[in-house]
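This report introduces a protein chain to a reader who has not met it before. Please look over the sequence and the structure before reading on.

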Amino acid sequence: MKVSLGATLDGLTERVVGAALAVHGALGHGFAETVYKKAMLRELADSGLEAANEVPFQVHYRGHLVGTYFADIVVEGRVIVELKVCDALGQAHLRQVVNYLRVSGLPVGLLFNFAAPSLAIRRVLPPPKHP
């Protein structure tokens with residue numbers, strides 16, 4: 001049976017969401033973002049997933065490097081994971097992940113907010129490419 005790239009990517013994002021739910025279930029809400037990031041890295045590794053911390057992506061403008069941003073976590077070189085501890089996820093958080101996807105070329109991002117009693121989860125796709 002041939003597995004499509006989409007199905008594989010969906011399975012990967014499901015595993016990352018499962019890791020975030022496990023972390024939130026164990027720790028609850030109220031910790032600093034760095035605590036959740038370290039716990040996520042541990043949970044992802046224990047799940048057999050390759051996860052890199054603070055992955056740099058360069059931003060270019062007209063062929064010139066104009067900045068570098070650091071994704072919280074990149075899983076299996078394909079999924080950007082952005083962690084927040086805030087009152088609510090807003091448009092600025094979504095735009096941040098969209099920009100990360102655009103600059104990195106990665107196919108999907110997951111945005112988590114650990115601040116509430118229930119984990120907030122947003123799956124983010126890159127913007128369509130212009131001709």
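How many Å² does the protein chain expose, and what share of that do carbon and sulfur atoms supply? The exposed area is about 7600 Å², and carbon and sulfur atoms supply 56% of it. These values are computed from a predicted model.

## Overall form

The protein chain contains 3 helices and 5 strands. Read from the N terminus, its elements follow the order α-α-β-β-β-α-β-β.

The C-alpha trace spans about 45 × 45 × 20 Å along its principal axes. For 131 residues, a compact globule would be expected to have a radius of gyration near 14 Å, and the 15 Å of the protein chain agrees with this. Of the 131 residues, 35% count as buried. Among contacts between residues at least 6 apart in sequence, 57% join residues at least 24 apart.

## Helix 2

Helix 2 comprises the 14 residues 33–46. At 1.5 Å a residue, helix 2 should span 20 Å, and its end C-alpha atoms are indeed 20 Å apart.

Which residues of helix 2 are buried? They are Y36, K37, M40, L41 and L44. These residues lie on the same side of helix 2, because they cover an arc of only 140° around the axis. An α-helix has 3.6 residues a turn, so residues three or four places apart point the same way. The face turned away from the buried side of helix 2 carries the exposed residues K38, R42 and D46. After helix 2 comes G48, which has a positive phi near 85°.

## The hairpin of strands 1 and 2

Strand 1, residues 51–61, pairs with strand 2, residues 64–75. The pairing is antiparallel and extends over 10 bridges. Within this pair, Q58 of the hairpin stands opposite T68 in strand 2.

The hairpin has 2 residues between the strands. In this hairpin R62 adopts a positive phi near 50°.

## The segment after strand 5

Where in the protein chain is P128 placed? P128 belongs to the segment that follows strand 5, which covers 120–124. Is P128 buried or exposed? With a relative accessible area of 68%, P128 is exposed, because that value is over the 50% cut-off.

P128 can also be located relative to V103. The two residues are 25 residues apart along the chain, and their C-alpha atoms are separated by 13 Å.

Notes: Residues are numbered from 1 along each chain as its sequence is written. This is a predicted model: local features need pLDDT of at least 70, side-chain atom pairs count only at pLDDT 80 or more; totals for chains, interfaces and linings use all residues. Side-chain values use heavy atoms; hydrogens and water are left out. Two strands pair if DSSP finds at least two bridges between them. Helices (H or I, at least four residues) and strands (E, at least two) are DSSP runs, numbered from the N terminus. The expected span of a helix is 1.5 Å times one less than its number of residues. Buried means under 20% relative accessible area, exposed over 50%, partly exposed in between (1.4 Å probe, protein chains only). The arc is that of the directions from the helix axis to the C-beta atoms. The radius of gyration is taken over C-alpha atoms; the globule rule is 2.2 Å times the number of residues to the power 0.38. Contact means heavy atoms within 4.5 Å. Accessible areas come from the Shrake-Rupley method with a 1.4 Å probe; for residues, only the protein chains shown count as cover.
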